[in-house]
Amino acid sequence: MGRENSMEKKVLVFEAARCTGCRICEQWCSVHHFGMAGPSLSRITIIRDHVNQIDNGIICHQCVDAPCIASCKFDALSKDGTTGAIIVDARKCTGCRLCIRACPHGAVRMHPGEKYVLICDLCAGEPQCALHCPEKAVQYLERGKAERPYRSALVRGLAGRGKRYER
Amino acid sequence: MSDDDRIRAFLGDVLRVNLSKGNISREELPMEAVRRFIGGRGLGAWYLYNEVGPEADPLGPANRLIFMNGPLVGTPLPACNKINLCFKSPLTSGYSYSLCGGHWGPELRFSGRTGLIIEGASREPVYLWIDDDEIELRPADRLWGRTVPETEELLRAELGGDELVQIACIGPAGEMLNRMACITAGRFREFGRGGCGAVMGSKRLKAIAVRGTGTVRFDDVAGVMGLAERLTADLLIQPKTIERRNYGTAEFLKGINDNGFLCTRNFSGTHFEEGHLLEGPRMREAIVVGDSSCFACPVACGKRSYVKTRDGRRMLLEGPEFETIALLGSNCGVSDWESLVEATLVCDEYGFDTMNAGACVSLAMECFEKGIITIRDTGGMELRFGNGAALVSLLRMMAERRGIGDILAEGVRCASERFGAPELAMHSRGQALPAYDPRGCKSMALAYATSPKGAHHMFSPTMGHEIAAGTRLSYEGKGALHMENQMEMCAVDSLGICSTVRGSFNISEQARAFGLVTGMKLDVEGLKLAAERTINLERIYNARLGFSRKDDTLPKRILCEPVPSGPSAGETVDLDRLLDEYYSQMGWNLEDGLPTRERLLTLGLLDPDAV
C-alpha cells in the first residue's frame, strides 16, 4: 500500500462512553444522503442495549484493507481516492449481502427499499454524524490517533459489558 | 396530488386496532381536523370527543386509547419525540391526556403512522406487533403477570432480540386495574398520569411493540435542517439547558424548596428541612452514572442511576425525576436515596405513576400519625413520615393489591373516602397534586384546579416565571399568565415537542417549524388559536360529563390552612379570585366556568355534532 494523503488518514471513531442515544447522527446522515429522515437509511446506527442502558454506535471503520471490497464479486465497491471512504456503485451492486457478512463491524446495511447496500461514504470528507454529534461521541480523527479514546476507555473499565456502572 | 395528499405524505396515517373483533385497519389522517387541531394532544382531543362518549366506562370496551404523534415527531428538529395519548381516565372519570418521550413515538412514526387508535377489548391477553406494514395481534399469556422489565426482555427475545424494536407495555399494576397504572415505553419513559395503564389492562393488551424502517419527509429540507442546526446550537449554550443536563429535572428542587412551595409531609408543610439532601448535585454525586437522551434531543436530561438495593440487587434505572423525588421523598418525609430509589423501582417495575403513588403513601402516613388507621390496618408497619422502609413496603402492597394497598390502588380520592378522611387527600378531581404547593405559587392553583385531567403541573407550569418575576405570592395578572402558559404548553403538546426545549424552540420558531415540515401556512396567532380551540374542546368534553366550576377546586388544606412556616408562612389560596380572572380571560361564564356561546362560535366548536 502506498503513502496515504492526509485525508485518507482520517477515520470515524465512536465512543460509547460519550453517547447518550439521541440518534441525531442518524438523522443528519439520512437527510444528507436522501433528503429525508429515517434511521434505516442511515449509515451510522445507534443501538441502545435496554438491559444494560448502554448506547453503542455501529459505524464503518474505514478499514485499511477493507474486507467488504475483498468480498465483493461484482466490482461494486471501491475506495474513494481522496477520502479513503468506501464507494458503492449502486448499479453494479446485486444485493447479495456478502459484504454485510464480511464487515467485522456490522456497518454495512441493505437499503430498506432498494437492492443495493449502504456503506459510509464520509460525506466527501465532511461526515455529518461527527459534525453534528452534540456529545462528540462520533469523531473524525487521523487513523494514528483513532485508538486513543478506546485505550482510555479500556483503562477506565468502560469497555466491558455491565462494567460501566460499577462504582 | 391534491394539497391534502401532499401533506398526508409528510405526516403519515392512522392505524386502528379493534381488540374485540381482532380487526386492524388503516385510515387517512383527517386533514380538516389537522388544520384545526394540529396533531398530538389537539388531534387526540378531537378523536376522543368524537369517539368516546359520556356513557363510556373508563375501564370498559367503549373507552379508547388514542396515541397521536405531533407533526414534528421523527424530524431532526430538536426534542421532537413526544407522542400524546388521549383516553377517558379511570382516576378522574374525565378527559385525560398523557405525553411520553423516548423513542417509541418516533418509531411508530417511522413505521408510517402518525397515530394508533386502540378500541374494544380482547378476551385473552394479547400484544400488538407492528413491523412496518406487517401488523398482528399475538397471544400474550407468557407475558401476563410479568413486570415491566421482564415483559420487555421476554418480548424482545420473542421478536428476535432486536434492540431497535421499541416496546410500550403495562406491568402487573395495569393488569390489576390499579387506577394510577401507567404505560411504560423503552423501560423508563411513561405515559404516566391518569391511569392509562389500567385502561390498557382492561383491554387485556399487554404490550405494543413497534419497528419502523420507513422515512419521514418534509416540505423544505434545507429549511428544516437549518432550523435544527440553529436551535441545537442555541440549546447547548443556554444556562437552563446546561443545568438540566447536569442534574436532570432534579435541578428544580432547590429553587422550589428555598422558595417554600415544595410539598412536604402530605402538604402539611411547604419547606422540607432535609431538602438539601435531595438536590440535583447531591443526586449526581450519590447515584448518577450517565446521561440518557430521548430521540433527537441534544439535552439528555435523563439521568442513569446505578444503585444497590437493600435486598442486595444491583439496579440500573433512569431517574428519579423531580416529581418522583418530591412526591415519594419530601412529601413522605423521606430523604435517603436508598429508599427513594427502591420506591421508584417498585413503581417502575409494576408500572404505576410515582406521583399518585407518593400521594397515596403520604395520605396513609398522615392517617396513621393521626390514628385514623392503625398498626392493624398496616399489617404491623409503623407508617410514619420519614420511614423509608415502610414507604417501599406500602408501595409493594399497592402494586400487589394486598391489605391496605388494595384500597390505596383505587387512588388517593377513593382511599381517603374509605378511610373516612377525605380532607386529607391532596388531589383535584382524583388526580394527586404535583410537587408545587400552590399556596406558595399562586398561578399553580389555577393549573391544578382547571387542568382537564385533574391536578397537573405540566398543564401550565408557571412556577419558573413566578419565581423569576418575584410574583409568586401575588394574585395580579395570574389568570392571564396561566392562560398564556397553557396555550404554549398545548402548542408543544400538539406539535410533539418536549417542553424542556421551549426556551430556544419558542412559539414563533414552532410555527415556523410546522410550516417548514408540512408546507402549511401557520403563524403564531394561528398556533395559539388551535391551542385555545383544543383547551375549549377538552373543557366541553368534561362539561358533557357534568364537570363545571364546582369541580375546579383544590383540597381544603390549600384553600384554608395557612402554611405553618418557611418562606410562604401564613399563605393560603383565594381560588375564586383566580378563577374569575381566568374565566374572564378565556371568555367563559363566571357562574359555571363553561365556554360562552360566542366563544365557541368564534372557535368553530358550537355545533357539537361537527367539532
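Hi everyone, this is a short tour of two parts of chain B and then of the place where chains A and B touch. Please keep in mind that this is a predicted model.

Let's begin with strand 5 of chain B, residues 95-100. Six of its six residues are buried, so this strand is largely enclosed by the rest of the structure. How are its two faces covered? On one side sit Y95(B), Y97(B) and L99(B), on the other S96(B), S98(B) and C100(B), and all are buried. That split fits a general pattern: in a regular strand, side chains alternate between the two faces of the sheet.

Next to look at is the partner of strand 5. Strand 4 of chain B, residues 83-88, pairs with strand 5 in the antiparallel sense, over six bridges. If you'd like one pair to find on screen, I83(B) has C100(B) as its bridge partner. The two strands form a hairpin with six residues between them, and there S93(B) takes a positive phi near 65 degrees.

Now please scroll along to helix 21 of chain B, residues 478-495. This helix has 18 residues and reaches 26 Å from first C-alpha to last, close to the 26 Å expected. Of those 18 residues, 14 are buried, so helix 21 is also largely enclosed by the rest of the structure. Just after the helix comes G496(B), with a positive phi of about 95 degrees.

Finally, the contact between the chains. Chain A brings 25 residues to it and chain B brings 31. On the chain A side, helix 1 gives the most, with four residues. That side divides into 13 nonpolar, eight polar and four charged residues.

Thanks for listening!

Definitions and conventions: Residues are numbered from 1 along each chain as its sequence is written. Chains are lettered from A and ligands numbered from 1 in the order in which they are written. This is a predicted model: local features need pLDDT of at least 70, side-chain atom pairs count only at pLDDT 80 or more; totals for chains, interfaces and linings use all residues. The expected span of a helix is 1.5 Å times one less than its number of residues. A residue is buried if 20 or more other C-beta atoms lie within 10 Å of its own, exposed if 12 or fewer, and partly exposed in between; C-beta atoms are placed from the backbone. Two strands pair if DSSP finds at least two bridges between them. Two residues are in contact if their C-beta atoms, placed from the backbone, lie within 7 Å. Ala, Val, Leu, Ile, Met, Phe, Trp, Tyr, Cys and Pro count as nonpolar, Asp, Glu, Lys and Arg as charged, and the others, Gly among them, as polar.
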